[in-house]
Amino acid sequence: MSIAVVTDSASDLELGEIEGITVVPLHLHFGDEVFEDGLTLSKPDFWQRMDRVLSDGGVLPTTSQPAPGVFRDAYQELIEAGADGVISVHISGKLSGTLNSARQGGSLLDDPPPMEFIDTESASIPVGWASEAALSAVQAGAGLSDAADAARESASRTRVVMFVETLDYLLRGGRIGRARQLAGKLLRMRPLLELIEGEVADIERTRTRKKAIDRLYAQIMSGGEPERVAIMHGNAEADATALAQRVSESCGGLDVPVVLSSPVLGAHIGPGTVGAAVRRRA
């Protein structure tokens, strides 16, 4: 059986980054301008544009999921290339309509093959890791169901923790309520946030950036030495790189990549954010 693996750009995977994984881009809207995440707007270009918007008082971006027809076309292309099964791995359905759009896209196929749609209940790097787990299982000879289970198992062992400079961006995108945003402002807090069961939850509150980074490091290391760690950031490379080195040294030289957040995620977390994806050993 030839099984194709599909994900979305909220996985923080670049289009074409991993051979065998098809990345469907979400959309960025800067006023009347619409971009495809990672395709017509790169990560560096997005963050440069954000800098200009913040300094000049321009319109902040919004995001939207791909239309069902975009997923249908992606699946059809893979089927025509020989796929007789599809595993589609996506950002939390509580954060985005992308998973639902993917399911609808599958239903639009004239003769759909067996398909598995996976809600990782996460975002960013863990979605990419789950996609990689599915691909590795396929390459090792697993069938559709077992490869899909490998993606779910990877997602179940992974967490995302981050701190943001302001909750304003999450409020604008509807990911938190106004009461939480106002509380953070009034208390001048940099909250540590985690995706829990697919939703944004506060786990700690810190007052300074240094303290936030220290607490993020502590969260990464809690529960024993991790199997895999990556640090993501919203145009805060120096802090992210220093944190990655600190984690690597504490984990016996573990490779800890530093990833600039994608446009579609950056629109919701804002500049200055530093976060971590952590996968524990089975």
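**Opening question.** How does the lining of the second largest pocket divide by class into nonpolar, polar and charged residues? The lining has seven nonpolar, two polar and seven charged residues, where Ala, Val, Leu, Ile, Met, Phe, Trp, Tyr, Cys and Pro count as nonpolar, Asp, Glu, Lys and Arg as charged, and the others, Gly among them, as polar.

This is a predicted model, in which local features need pLDDT of at least 70 and side-chain atom pairs count only at pLDDT 80 or more, while totals for chains, interfaces and linings use all residues. Residues are numbered from 1 along each chain as its sequence is written, and side-chain values use heavy atoms, with hydrogens and water left out.

**Exercise 1. Describe the second largest pocket and the helix that gives the largest share of its lining.**

Step 1. On a 1 Å grid over the protein atoms alone, a pocket is an open set of points with protein on both sides within 12 Å along at least five of seven lines, a cavity is a set where a 1.4 Å probe fits but cannot get out, and lining residues have an atom within 4 Å of a point. Grid points are joined across faces, edges and corners, and a volume is the space filled by probe spheres set on the points.

Step 2. The second largest pocket has a volume of about 230 Å³. It is lined by 16 residues, of which Glu 17, Ile 125, Trp 129, Pro 257 and Val 259 are the closest to its centre.

Step 3. Helices (H or I, at least four residues) and strands (E, at least two) are DSSP runs, numbered from the N terminus. Both α4 (125–139) and β11 (228–233) supply at least two residues of this lining, and the largest share, four residues, comes from α4.

Step 4. The expected span of a helix is 1.5 Å times one less than its number of residues. For the 15 residues of α4 this gives 21 Å, and the end C-alpha atoms are 21 Å apart, which agrees.

Step 5. Buried means under 20% relative accessible area, exposed over 50%, and partly exposed in between, with a 1.4 Å probe and protein chains only. In α4, 12 of the 15 residues are buried, among them Ile 125 and Trp 129. Just after α4, Gly 141 has a positive phi of about 100 degrees.

**Exercise 2. Set out which elements line the largest pocket, and follow the pairing of β8 and β9.**

Step 1. The largest pocket has a volume of about 370 Å³. Its lining counts 27 residues, and the closest to the centre are Ile 91, Leu 95, Ala 123, Leu 265 and His 268.

Step 2. At least two lining residues come from each of β5 (62–64), β8 (158–163), β9 (190–196) and α10 (263–269), and α10 gives the most, with four residues. By class, the lining holds 15 nonpolar, 10 polar and two charged residues.

Step 3. Six of the six residues of β8 are buried, so this strand is largely enclosed by the rest of the structure. In a regular strand the side chains alternate between the two faces of the sheet. In β8, Thr 158, Val 160 and Met 162 lie on one side and Arg 159, Val 161 and Phe 163 on the other.

Step 4. Two strands pair if DSSP finds at least two bridges between them. Strand β8 runs antiparallel to β13 (residues 274–279), with six bridges, and there Thr 158 has Arg 279 as its bridge partner. Strand β8 is also antiparallel to β9, with three bridges; Met 162 is partnered by Leu 193, and Phe 163 stands opposite Leu 192.

Step 5. Five of the seven residues of β9 are buried, so β9 too is largely enclosed by the rest of the structure. Seven bridges join β9 to the antiparallel strand β10 (residues 199–206), where Asp 202 stands opposite Leu 193. These two strands form a hairpin with two residues between them, and Glu 197 in the turn has a positive phi of about 50 degrees.

**Exercise 3. Characterise the largest cavity.**

Step 1. The whole structure contains two cavities of 30 Å³ or more, and the largest has a volume of about 50 Å³.

Step 2. Residues lining the largest cavity include Asp 12, Glu 14, Asp 37 and Lys 43, and the lining divides into three nonpolar, three polar and four charged residues.
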